[in-house]
Structures are given as C-alpha cells and as structure tokens.
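Work through the exercises below with the sequence and the model side by side. Try each task before reading its solution.

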Amino acid sequence: MKAVQSRNGTSQIVELPIPELKPHHVKVKVDFSAVSVGTELMMIRNQSNAGLGYSATGIVEEIGEGVTHVVPGQRVACYGVPCHREYVVAPKHLVALVPEGVNPVEAAFVGIGAIAIHALRQANLQFGETVIVVGLGILGQVIARIANAAGYRVVGLELMEERCLLLEQEGVTVYRSEEKMQQALALDKTIQGADAVLLCASRREHSMIDSALNWLRDRGRIVIVGDTGTDFDRDLLFSKEATIHISRAGGPGRYEDSYEQQGVDYPIGYVRWTEGRNMQEFLRLIAEKRIAIESLIMNECKLDLLPDMYQSYMNSPEQMMGVIVTYN
C-alpha cells in the first residue's frame, strides 16, 4: 500500500505492506485523511521514518477479536495511528462510527476535533466564562468553534488576516494584535480578564505565557496546546495565583497500552471523557450542525501529491488551513 513518511527532513511516498489485523483493532480502508500541518511539519523536521497523519475516515474491512461496536462495511473515523496511507489498523477505542448524514470530509478531522475538545476540558470553563484562543491555525479554529457552540465568550488572537476573517465569519471577536486585545479586556469591566487562555501557537523559541498571565483574571488558567515555549515570570504567576496546564492529545487513554492496545476501557463513572468519547462528541457536534468544519477546508490533494503540499505550506502558510487528502 502507499503511505507518506518522513525521511531525513523531507516527506516521501513509500510502499508498505498492508498491516495485519490484531485483537481489539479495526482494519479500515481510508478514503479521506486530514492534515494537521503544524504537527506534521514538526515531525518531518525532527523525526526520520515516521508515519504521518493521525486523523482519517474510511470503510471498515475487518474487525478483530473483541470489537463489537462496528462491523465491516460501515463508515468510521480513526485517530491515533499514522493515517496518510491506504489502510490503517486502529485500536477499537480510537475508531468511532460516523453518524448518518455527516460529510465524510468533515469526519476525517475527528482526531483534531478530539484534541480540541480535550484542550477545552483542560481549561475547566463554566457556562458564560471567557476564553482567549491564541493562534488560529486549524486546531485553534476548531477549538474556537467548539467553545463558541458551548456558549463560552470566545476571543481569538491571530496575526494572519486570512485566519482572522475565517473565525469572524462565525461571529467570534478576533484581534490582530496583543495591544488591542489587552485594551479591550481592560475596558470590559464585566469580566476583569479572561477565565482561561489556550495557547495554540507553535513557536517553541517564543513563550507567550507571560502575555497570557496579563490577560487572565485572578486565579485564571493557561492551557498549552501548541508546541510553544514554556518560560514564564514566576512573580507574575504568583501575583495571579494562576495555573498552567499542558493538554496531552485527545484525552485520557492516549499513549496508555491497556486502553489503546489491549482494549480495556475506563469506566464512565470514573473517567467521563476518554479520547474515544471525545471523538464521538466531535462527530455529534457535526451531525447536529453545532459546528461546521467544511468551511475550514481550503485545500485538497491526492496522496501522491501530499509531499508537494507540505512544501507549499512552508512557502505560503496564509493560503493553507484545513487540508484533505483523497485516495480515489
């Protein structure tokens, strides 16, 4: 089968054997996968021989022992395994049935959606509270849309005009500079600063934590979502008694062998939102038209052309947002 892998700082099309089915896993023939451009470019730069992509949709071909929630022939969405390839064998808890009527192209973003939902859960927001989303790439855009659908007061911060306009079309207030946003927060006496700031920007050499601390209310919360720097002023953190969290992928269960490989679920009474349940929730939001992902899809390419797409992004990042890979 064809697949895309990182090779010595580049991405290449390679031929791999079709993976063998395992217990508690599902074999899926992929027809759409979503590109998480920032994460995948980082992997291309830093990891050699890594499978790329982590979010896709396709049709179930086979199910392993212990799989009962899907059957061959059904459309599912997959997360957590390299997905820019013609076939995947995914853990059963990371395979979600796609509801009737959901556009498969939107379902392909299920992994990005689960990450977005888990990041918002880490912010521990209550109804009516204010969240600032910094960095409006594909992940920041999805986070802001979900937060808006949940009834939070959402503010975006982004330098690229094209990205600002995309979110403003959803009725979200977006600022192009830190200074203007800081001024607006100071003038709004009803909130006294944001309840949470989600840092979705990906510039490891630059930390925005000190800036975020200035935007927070007393005892607010910062959630690091992107690959950003983590230096901060201890005195500033102390003065707000703020908390800093980092969001690890799609939720409880990620990177846990018993959950992902052995198929052992967490009881819902103890762990309400696993990464698999976050996937299902993302698909529900799409099915009920609470959020729309299709408006974020700006590019489409066949699997063979994906290495060229990565290069195009590096040359013109403002022209890229949601990218779909096709296999037919």
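Helices (H or I, at least four residues) and strands (E, at least two) are DSSP runs, numbered from the N terminus. The model is predicted: local features need pLDDT of at least 70, side-chain atom pairs count only at pLDDT 80 or more, and totals for chains, interfaces and linings use all residues. Residues are numbered from 1 along each chain as its sequence is written, and side-chain values use heavy atoms, with hydrogens and water left out.

**Exercise 1. Place Pro17 and classify its accessibility: in which loop is Pro17, and is Pro17 buried or exposed?**

Step 1. Pro17 sits in the loop that runs between strand 2 (10–15) and strand 3 (25–35).

Step 2. Buried means under 20% relative accessible area, exposed over 50%, and partly exposed in between (1.4 Å probe, protein chains only). Pro17 has a relative accessible area of 69%, so Pro17 is exposed.

Step 3. Pro17 and Arg7 are 10 residues apart along the chain, and their C-alpha atoms are separated by 18 Å.

**Exercise 2. Describe the surroundings of two residues of strand 4, Ser55 and Val60.**

Step 1. Strand 4 covers residues 55–63 and includes Ser55. Val60 is also placed in strand 4.

Step 2. Ser55 is buried because its relative accessible area is 1%. Val60 counts as buried because its relative accessibility is 4%.

Step 3. Contact means heavy atoms within 4.5 Å. With neighbours within four places in sequence left aside, the contacts of Ser55 include Ser33, Ala34, Cys78, Cys83 and Val110. Under that exclusion, the residues in contact with Val60 include Val26, Lys27, Val70 and Val76.

Step 4. A polar atom of the Ser55 side chain lies 3.2 Å from the backbone nitrogen of Val110.

Step 5. Val60 and Val88 are 28 residues apart in sequence, and 9.8 Å lies between their C-alpha atoms.

**Exercise 3. Find the side-chain partner of Arg163: with which side chain does Arg163 make a polar contact?**

Step 1. Arg163 belongs to helix 5 (residues 161–168). With a relative accessible area of 10%, Arg163 is therefore buried.

Step 2. A polar contact is a pair of N or O atoms within 3.5 Å; within protein, one must be able to donate a hydrogen and the other to accept it, and residues adjacent in sequence count only if both atoms are side-chain atoms. The partner is the side chain of Tyr313, at 3.2 Å.

Step 3. Leaving out neighbours within four places in sequence, Arg163 is in contact with residues including Leu136, Glu158, Tyr313 and Met321.

**Exercise 4. Compare the settings of Glu241 and Tyr255, and then locate Arg234.**

Step 1. Glu241 has a positive phi of about 50 degrees although it is not a glycine. Tyr255, also a residue other than glycine, has a positive phi near 70 degrees.

Step 2. Glu241 lies in the loop between helix 8 (234–240) and strand 13 (243–246). Tyr255 lies in the loop between strand 13 and helix 9 (257–260).

Step 3. Glu241 counts as partly exposed because its relative accessibility is 49%. Tyr255, at 56%, counts as exposed.

Step 4. Arg234 is part of helix 8, and Arg234 is exposed, with a relative accessible area of 56%. Between the C-alpha atoms of Arg234 and Leu120, which are 114 residues apart along the chain, the separation is 25 Å.

**Exercise 5. Identify the residues with the most contacts inside the largest nonpolar core.**

Step 1. A nonpolar core is a set of buried Ala, Val, Leu, Ile, Met, Phe, Trp, Tyr and Cys residues joined through side-chain atoms within 4.5 Å.

Step 2. The largest nonpolar core has 57 residues, and the most contacts inside it belong to Val142, Ile143, Ile146, Leu198 and Phe282. Helix 3 supplies the largest share of this core, nine residues.

Step 3. Apart from this core lies another, of 32 residues, among them Val30, Val35, Ala50 and Tyr327.

Step 4. Not counting residues up to four places away in sequence, Leu198 touches residues including Ala119, Val131, Ile143 and Val225.
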